[in-house]
Every structure is written in C-alpha cells, then in structure tokens.
Amino acid sequence: MFNLQLLAPEIVLSVLALALMAIDLILPTRRSQLPYHLGWISALVALACVVATLATSSQGAGPLWIVDPFSQLFKAMTLLAVIVTFLLCLEYEDLSLSQSGTFAALLLLSAVGLMLLVSATDLLFLFVSLELVAVSSFILAGFERRNRKSNEGAIKYFLFGAFSSAIFVYGLSLYYGAAGTTKLLILSQNGSSLSLWTPVLTGLGRQGPVLLLAMLFLLLGFGFKAAMVPMHFWVPDVYEGAPMPVTTFLSVAPKIAIMGVLLRVFTLLVPASGLGLTGLLALLAILTMTVGNTIAIFQDNVKRLLAYSSIAQAGYILIGIVTANSLGLEGVLLYSAVYIAMNVGAFTVLQAVGKNGSYELSAFDGLSRRSMALALTMAVFLLSLAGIPPLAGFIGKFYLFAAAMEAGRAAASSSSKNIFYALAVVGVINSVISVYYYMKIVYHMFFLPPHERSSAPAIGPYLLAVLAVCLAGVLAFGVWPEPLIAQMRISAVHLP
Amino acid sequence: MTMLEHAYLIALIPLAASFLILFGGKEDPHSPLPFVGIAAIGWCLVESLGILYAAISGAALPYAQDWSWFSFGMTAANRPFVYDMPIGVLIDGPAVFMLVVVTLVSFLVQIYSLSYMHGDARFKRYYAYLSFFTASMLGLVVSSNLLVTFCCWELVGFSSYILIGFWFERSEPAYAAKKAFLTTKLGDLGLYLALLFIFVLVGSFQIPQIAQFVSRGYMSTAAATLIALGILCGAAGKSAQAPLFIWLPDAMEGPTPVSALIHAATMVAAGVYLVARCYFIFTAAPIAMETVAWLGALTAFLAATMAIVCTDIKRVLAFSTVSQLGFMMCALGAWGLTAGLFHLTTHAAFKALLFLCAGSVIHAVHTNDMRQMGGLSKKMPLTFLTTFIGTCAISGIPLLSGWYSKDMILERVYEHDPRLFIILAITATLTAFYMFRLLFLTFLGTERDKDKHAHAHESPWPMTVPLVVLALLSIFAGALLDHHHLFESLVTGPVSPEIPHPAPPWLGWSVTAAVAASIVAAAKLYGGPHFETAQRLKAAWAPLFHLLDRRYYLDDIFLGLVDLGDRAARLAFWIDSEVIDAIFVDGWGAVARLAAKLSHLFDDLCIDRTVDGTGGLSVTVGGALRSLVARGLAQEYLMYAAVGMSVLAALTWFR
C-alpha cells in the first residue's frame, strides 16, 4: 500500500547526500572535486531511472504521493538542472575547497526536495518538501562565505523564505479548516479499481472565502520559490550574491518544479476557474512578466539582468497555467524544457565571462572579437529567450500565447474572454520589451571594442559540454520541435 | 531504390560542407578546404546520377517521402484539430533532370574555380558560398513542401546576392547585387501571395496534395489563374523575364564561374522549374498559360535584340540567357512541358560552357570588352574550339543538343499558335547572328589590342577540363536524351500525349536555313578585319541602336519609378512636417501656449503659494520613497510583499 519503491530515486539520492556529507569529513582538499563528480554521476543514474519510466502511463500512488508521467517529466528536468549545476561547479573557482562534500550533499537534497514536490498529493508533504528545498538553498546561496554579497543574499533569502513559509502554513491551516484534511487528493478503492477524488471540490460552494484565502496563501507560498510578483524581491540580491552555479540552479530547477506543482494543483486538483481565481492568476502572470521585464531594462549587472529576465520568463509560463486548456498544459511543459536549455546556456556563458571577476555589462564588451563562438552562442540563447524564430524559445512562447488565444476563443463570458486576450497581448508586448535588454548584451558583445587587458574567456571541457548540449537543444527544438512536442503531449495527457 | 531513399541527403551534404568551409580553418588564399566542397558536390553528383539511372531503369516515379516537421492546433469548420506540417522530398521526372543539371554544373564550376579564383583573398569563403548556393538550389529542387521550396527560393536569392557582390569593394558589384536582390524580391512578392492563397484554399503546402486538389476540380479557374499568375510573378523575377530581366545583365559583375552556375544554368532556371513543378495549376488556368507563352516569347525577342548591340562578352551571354529562358517559358505556356524542360537541360550544358569559355578568355586578357579582343583563336585553341561548339549548339546547328530542344519547342509552339512561332523563329535567327558575332569578334579577325593579345595564353587544366566535358555534353546530350523519347517518357510519364496537328516537316528545316543565313550575315559583317558594313549599318539605324543599347529604357523606367516613389515619400514627408504639423501641432501649440500663459498668471498668483508648501513635502516623500525602494533592506522587501499580498487578498475578497 505504501508503494515506497516508487520513490526509489529520491531515497537513493538522499542516502547518497548523507554519505557525501560524511565523506566530506575525511576528504583531503586536493580531492575536492570528487563529490561533484559523484554528484553528477548519481544524478545521471537517477535521471536514467526516471527517463526509463517516462512513457509508462500510470505508475501508481502512495498515501502522500503519486508517480505519473507528468511528475516523472518534471523530475527528469530537475535532475538535468542538477547535473548541469554539478558540471558548472567543476569549473567555478570561488567555492571553498574544503566543503565540497557538503555543497554536493545540499544540492542533492535540494533536488530530492524538488522531486518530491512534484509528486506530492498532500499539503503537509508538499510543505516539508518545500522546506527541504528552501533550507538547502539558503545555505547554498551563502556558500561563498568570504563574499559579503553572498552572505547578504543568503540572509535576505532566509528571511524572505521564513516569511513565505509562514504564509504557506497559514494557507495550509485554512485549507485544513475548509476541507477537513491536508490531502489534495484521496485515493479510494472501489472494488478493484482505484479512483481519485479531491476533498475540497465536493463542498466547494460552502467553504467560500476561507478556501479562497487558503488557496491564495498557498499560491503566494509557492510564488516565493517561483519568484512571482509580489514575492520576487529577494531574487536579484540572491542571484547576484550566490555562487554562479547556484544562481543557475535557482533560476531553473525550483522555478520549473513549482510550475509543475501549480499546474497540478491549480488546474486539476483545485481548479482556479472553479474558485473564480482565474482573473487573479492572470493578474499575477501579467504583473510578473511586466515587472520583471521593465526592471530588467535598467540593470547594468548581467546577473541581476538575467535574474529579472527569469522573473519575466516565469510570467510567460504562468500564462499556460491560467488558461488551463490542453494547449496551455503542453505549453507549460514545452516552455519549461526549453527554458532550462536557454537559461542554463545564458548563465553558463555568463559564468565563463565572469571568470575575469566582473559580471557587469561591460564585461561583455567586444566579446565577439575575443571569442566569436562564445558571443554567437550567447546571442542564440538571448534570441531564444526573447522568442525569436527559429529558436526553441519561439516555439514555447508561440504555444503559450496560442493557448491564451484559444482559451479566449473558448471562454463563455466576454469578461473572461477579455482576460485571456489581454494575457496574450501583454505577453507579446512584454516579449518586445524584453528584446531591448537582451539585445543590449548583444550590443555590448558585438559593437563595442574589448577592453585592453581583457582576454578570451577560458572554457573547460565541462562548460563546453553544457554549452554544446544547451545550444543543440535550443537550435534543434527550434527547427524541429516535433519530438519534444510529442513527448510533452504524452506527459500532459496523463496528468491525473 | 536506395539512391531515391536518400534523396534528402543531396541537399544536406553541400549544406554541411558549406558550414564546414565557412567556420573551419582560417581564411587563406591557398586554403585546402575548397576540396571539401568539391568532394561533397561530387558525392551529390554520384547520387543524382544514381537517381537518374534508377529512373531510367524503371523505378516508380514520382517518389515521395515525408517526415513530420512541426504541428500546431487550428480550427477549421469549428472543429479543432492538430495540423501536421510535413517536410519531405518529391522526386519526379523534372526533378531528376534538374538534380543532375545542378550537381553536374556545380561540380564542374567548382573545379573550374580552383584555377579561376586561386589566390583571391576570400578563396575559402567563395567556396562556402558556392556550396551554400548549391545546397539551397538542391533543396528547392527536391522539396515536396512549397513552403520549404519558398525558403530555399529565398536562400538561393540570398546566395546570388552575396556571390554577385563577392567583390564588394568595387561599387559596381555591390550595386548589381542590390539591384538583383531587390528586383527578384519584387517578383517574390507575387509568389508569396500565391503560396498564402494556396494554403488558405487547399490547406496544405504539399505538392501532391495540391495536385490532387486541382485534379479533382475543387479549384475554380479564377483561383487557379490568380495563383498561377502569382507564381509566374516569382518565376519572372528569378528567371529574368520581361520586364524584370533588368537585373541579369548587371549581375555579370560577379565572378564568371558564378555567372555560369547561377545566372546561366541553375538559379535562373528555377523559375522555369517552379512553373513546371506547379504545372497542374497552370493547366487549370488557360489565361495564365497564354500569359506565360506570350511573356516568354516577348522576353526571348527583346533580349535577343539587345544582345546584338552589346559589346561586353558576358552581357551578350546574359542577354542570350534571358532570351533562352524566354524560349522555355514560351514552350511551357504552349503546353510543351517536355519541350521546355528539355531545352532547360540542354541549355544548362551549352550556356554553362559558353560562360566558362568567356571566363577563360577574360582570365587570359583581363577585359570583358570584345572590342579589345580578336584573333584569340591561335592563342587559345581549346577555348576557341569549345566556344565554337557551344555557339553551334545554342544556334541550333543540326544534330547538336540545342537543335533537338529548340526544334521541339518550335514545333510545339507552331501547333499552339503560329504567331508565337514567328516571333520565336525570328529570335532563333537573331540568336545565331549574335552568337556568331561574339565568336568572330573574340576569336577571329585581327588582334585589336596587341598588348592584351600578347599576354593571352591558354588556361590551365582545371579550367579546360570542365570546358571539354561540357562541350561533349553540348554535342551529345540532345541526341542521348531524345533517344527513344527518353526525356519525354520520364517527364510526362509512360503515356505520351497525342499531338493533334503534327508540325509540317519543312518547319524545322526552314528555321535551320534562316539560321544558316544569319550565320553568313554575321560572318560578312564581323568576319573580316574591318567592320565597315557594320559601322555603316550602325550609322544608318542610329536611333534603333541607341534604343537597344539603352535596353529599351527599361532600366531608366524602373529607376524612374523608384525615384518617383522616393519623391512621393519626400512629398508626403513635406506635407506631414510642413503642413499638418504647422496647422495641427504648431497651431495647437500656439493656442496651448496662450492658454498656458493665462494659467501661468493665475498659477503664479494663487496656486503657487499653496503648491510650494505641498511641493516641498512631496519631494521629500518621493525621494524618501525612492531611496526606500532602492535601499535593498530585507525588512522593507518583506513589507512590500505583505502589502502586495494584502492587496491581492482584498481583490479576491471583493471581486
């Protein structure tokens, strides 16, 4: 009945994480890279296990969790991000040599938290997973202890995290009051067949405002990790301060996993449209993209610029969750996958360029003269983030905006029609705005002369591998998206 | 069959080669990378020949294979469904011959260029461009999806642009490249509209599906006419038909091998090929067919007349290309699909030959001007011989390849409309005249420029070998392809269409006689050491010569139109800035200023006093607020978040 074997990858990873922490005590400094290698290899093995079950239609459920193609897909994406982060760590020099085991352990634990998150069907379990992610990320963000910015970011992150946890728990208690349980989904055995039902849906009319507030608070609690407005204030400071691989990880993995959770909770288990929260979600999406994009324009630090850009990107993905139609679901999955490739790519280039010590825009001056290949690669990622065809970002955005138009067409009342059309229009306008600041980096790379003492950024084998994979993904799925779309369609259909 | 199954590789191999050459290695006049390009195109040539062999030995044509490319949801008749856009290859008879033509000419031109372009500062890049062009051209030939065809069509145009302007340091090639690009783009507009129209109507870009749609009679004649004319528009741009041919003579500023490849054998034939590929639409639209026929005939005649007075050796050939393309178009319009494509194939051989010969001559004497040549036959015997063969082939000397195809076109056209036949027959006579004029001026007579003549020498083997190969093809291709109606059976399928009124047998011979007469005339006028008769004629017909020399003022008309547009835009700008702005903007401004002055008085006396107080306050508050936001204090962040949350909660509550 417990079906614990379903969580085998998570369990193995947790055990390994604890072992790594122990190893750290006896590991000599000159072997400091070993934990990273162990980390990415174990994540790769877990990934292989997850991918092997990707197409199996339904795998079963435990009392608090459910494992289906949808969760497997998000687990795979999380693991991919973790692998990439480990590879980036191997070429990041500011991490302390003596504690690499701890670092690797925390990263793995964080990944475990994210993987459990997308499987959870109980709010308490969700909360614990969320905290597992949060607590390990706090420490990861402040890992450069000599760097004051890193410390500052970590503290802010921690304070904000504590605040949002409180909100989440408050929402959780309200939910318990409304539903009488912390479960989002209950399995009941009718004879031989399993059936699923959602406790709150049965008494939806009665609970009224309490349930509404509960869902709003839960949404905001999730919003903290996904960096949705108004829970985004921590993002730039933390991204700027955190070690570069951690920034890459934070900008991708939690965001994607939270999108998965939101998709499951707010479109299927407790549909936002049933509660009348569609307008609010749409407002959040619009605010998230607009705030992210407009503030990004004024940033001179590329880390901060990309931080705001990632806020805006979350806004685009939210569109798919608001629309809650099949196109939107596919769009969220598709864009998440594409977003990993292009965002990781951009951050990787940034890490390579930032090796010289500066993450300012001026560090990109004349990159094309120093390393044409790197500049072109960065340009591809930025163009993809901006949604320019024929790159993968365009396909993803096209899907999301098409979902909004489709939802608008299918909507019953004219006011909800307007909401969806507004979403699409604001999304397109925001894409145009974003072109400006993405092109600012391109401008620095191609049209400004390099500084006198700057040299070509050194790229080792691991960075090169990450860049190659990301670039291949962005180009290939842009030109020939069919395999990816087909995979996403399979995963989206089996969403319970 | 395996060759057919891997037909898609033919387009992809040169593409890979072009990127390899472009990005691999350093720019070096002696770079070894061009051999990659030659090897790639050699491979494609072998594949194409394999496909041709398979087709001759009875493989089922057309061969089609599709892969899904991307899909999107759409709604038709209120039913949502997933539209699947395929990408694929469609190999039919015309495609087989086009493949062989493109790969063969490209192969020979690339070998030729080894010597012709050797030592150029951008030697490597030149080969990358050539491979890129070949890849796009082959993509155009094999694609079964008209959208992909259009993409390749544009890529071909782009390659032509960068190759014409290859020596962009000089202003003429840069200008010519721009002119070629913009002029063809004008035609592409029509093609693009036609494609959109097709998709709206048929719901597919797949050629077989469109063909089925048309053959079942779902497409009205009006729609077919509109689409066909749009396609013709694009074809006229690319295949240099009247009045869009103005770009082709200028395109001769590019390297001569490029002219041979792009502006003689392959790209300019793409228009004809596209019309042939969409022939089922044209046959459903009789008006469009007539337009094609008359446009072709008109172009053929106009270009031939202009070639007579031209003195630049490459431009004579350019006009001749335009004229021959007119022949092909006219044949297609006169229901002669086989004849048109046959001429396309043979023409590719002898025109590429003639261009490469011209290149050989230019390489030797470093000028394009025929008035500075003469008497080169002794210095360059092989070039002379091959040019002679090419000239005979294009003039339609019996049993050479041009004779077969031209004869077929003339017969076909005669059956369709005798008036068209008369125009084409005259044009054929003129063709022989100007081609032999070229031959006499260049190779025979006295050496008019002693200095240049002294330095001339026969070209090295990478240049002469392609000449010999093409010369042999110019001699035998016609007979080989006409053998047992081989070409016809492959293009139109095993069923040969019945010919209602077979042309009288005297037809072909009378044209041949006229051609012979015009050759004699050319020999009389230009064969001797002096050209008194020619000069006298020129003086007597000065206005006509001037008209032809100015290319019927078509250039001036087009530039005039552009200038007119420019003037119109300036006028509109002037109206906008001087009239509308003056009245509505400045006028309003004056009114507003007056009002502002009044209100200023009021403001100063009454309000300002109060404002000063509150103003000071708001500046303080605003500044504090700004510094608050920018301060980056965690507790403030939390406060904003809490405020935002409360606002959202309130919104939810009172919604």
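**Interface between the chains**

I began with the interface of this predicted model, and found that 25 residues of chain A are in contact with 19 residues of chain B. On the side of chain A that touches chain B, I listed the elements that give two or more residues, and these are α6 (148–179), α9 (209–226), α10 (234–241), α13 (278–297), α18 (392–410) and α21 (482–493) of chain A. Sorting the residues of that side by class, I obtained 19 nonpolar, 2 polar and 4 charged. For the complex, I noted that the predictor gives an ipTM of 0.82 and a pTM of 0.62.

**Chain A overall**

I counted 21 helices and 4 strands in chain A, and of its 496 residues 58% count as buried. I also looked at chain A contacts between residues at least 6 apart in sequence, of which 79% join residues at least 24 apart.

**Helix α18 of chain A**

I checked the length of α18(A): its 19 residues should span 27 Å at 1.5 Å a residue, and the end C-alpha atoms are 27 Å apart, which agrees. I then noted its buried residues, among them Ile395(A), Tyr399(A), Leu400(A) and Phe401(A), and also the charged-class residues Lys397(A) and Glu406(A).

Just ahead of this helix, in the loop between α17 (372–386) and α18 of chain A, I found Pro390(A), which is joined to Pro389(A) by a cis peptide bond with omega of about 5°.

**The loop between α9 and α10 of chain A**

I looked up two backbone features here, keeping in mind that most residues other than glycine have a negative phi, and most peptide bonds are trans. Ala227(A) is placed in this loop and has a positive phi of about 60° although it is not a glycine; with 29 C-beta neighbours inside 10 Å, I record Ala227(A) as buried. Pro230(A) lies in this loop as well, and the peptide bond leading to Pro230(A) from Val229(A) is cis, with omega near 5°.

**Helix pairs in chain B**

Before turning to chain B, I noted its mean pLDDT of 86, with 94% of its residues at 70 or more.

How do α4(B) and α5(B) run, parallel or antiparallel to each other? The axes of α4 (residues 93–116) and α5 (residues 123–142) of chain B come within 10 Å and cross at roughly 175°; the angle is over 145°, and the two helices are therefore roughly antiparallel. On the α4(B) side I noted residues including Met98(B), Leu99(B) and Val102(B), and on the α5(B) side residues including Leu130(B), Met137(B) and Leu138(B). The contact has 10 nonpolar, 4 polar and no charged residues.

For α12 (residues 267–277) and α15 (residues 313–333) of chain B, I found axes that come within 10 Å and cross at roughly 0°, which makes the pair roughly parallel. Here Val268(B), Val272(B), Val275(B) and Ala276(B) meet Thr321(B), Leu325(B), Met328(B), Met329(B) and Leu332(B), and by class I recorded 8 nonpolar, 1 polar and no charged residues.

**Two single residues of chain B**

I looked up Gln535(B), found in helix α24 (residues 532–540) of chain B, and it is exposed, with 11 other C-beta atoms within 10 Å. The C-alpha atoms of Gln535(B) and Leu525(B), 10 residues apart along the chain, are separated by 9.1 Å.

Arg551(B) sits in the loop between α25 (542–549) and α26 (554–631) of chain B, where I noted a positive phi of about 55° although the residue is not a glycine. With 21 C-beta neighbours inside 10 Å, Arg551(B) counts as buried.

Methods:
Residues are numbered from 1 along each chain as its sequence is written. Chains are lettered from A and ligands numbered from 1 in the order in which they are written. This is a predicted model: local features need pLDDT of at least 70, side-chain atom pairs count only at pLDDT 80 or more; totals for chains, interfaces and linings use all residues. Two residues are in contact if their C-beta atoms, placed from the backbone, lie within 7 Å. Axes are lines fitted to C-alpha atoms, for helices over the stretch in contact, and angles run from 0 to 180 degrees between N-to-C directions. Angles under 35 degrees count as roughly parallel, over 145 as roughly antiparallel, 65 to 115 as roughly perpendicular and the rest as oblique. A residue is buried if 20 or more other C-beta atoms lie within 10 Å of its own, exposed if 12 or fewer, and partly exposed in between; C-beta atoms are placed from the backbone. The expected span of a helix is 1.5 Å times one less than its number of residues. pLDDT is the predictor's confidence in each residue, from 0 to 100.
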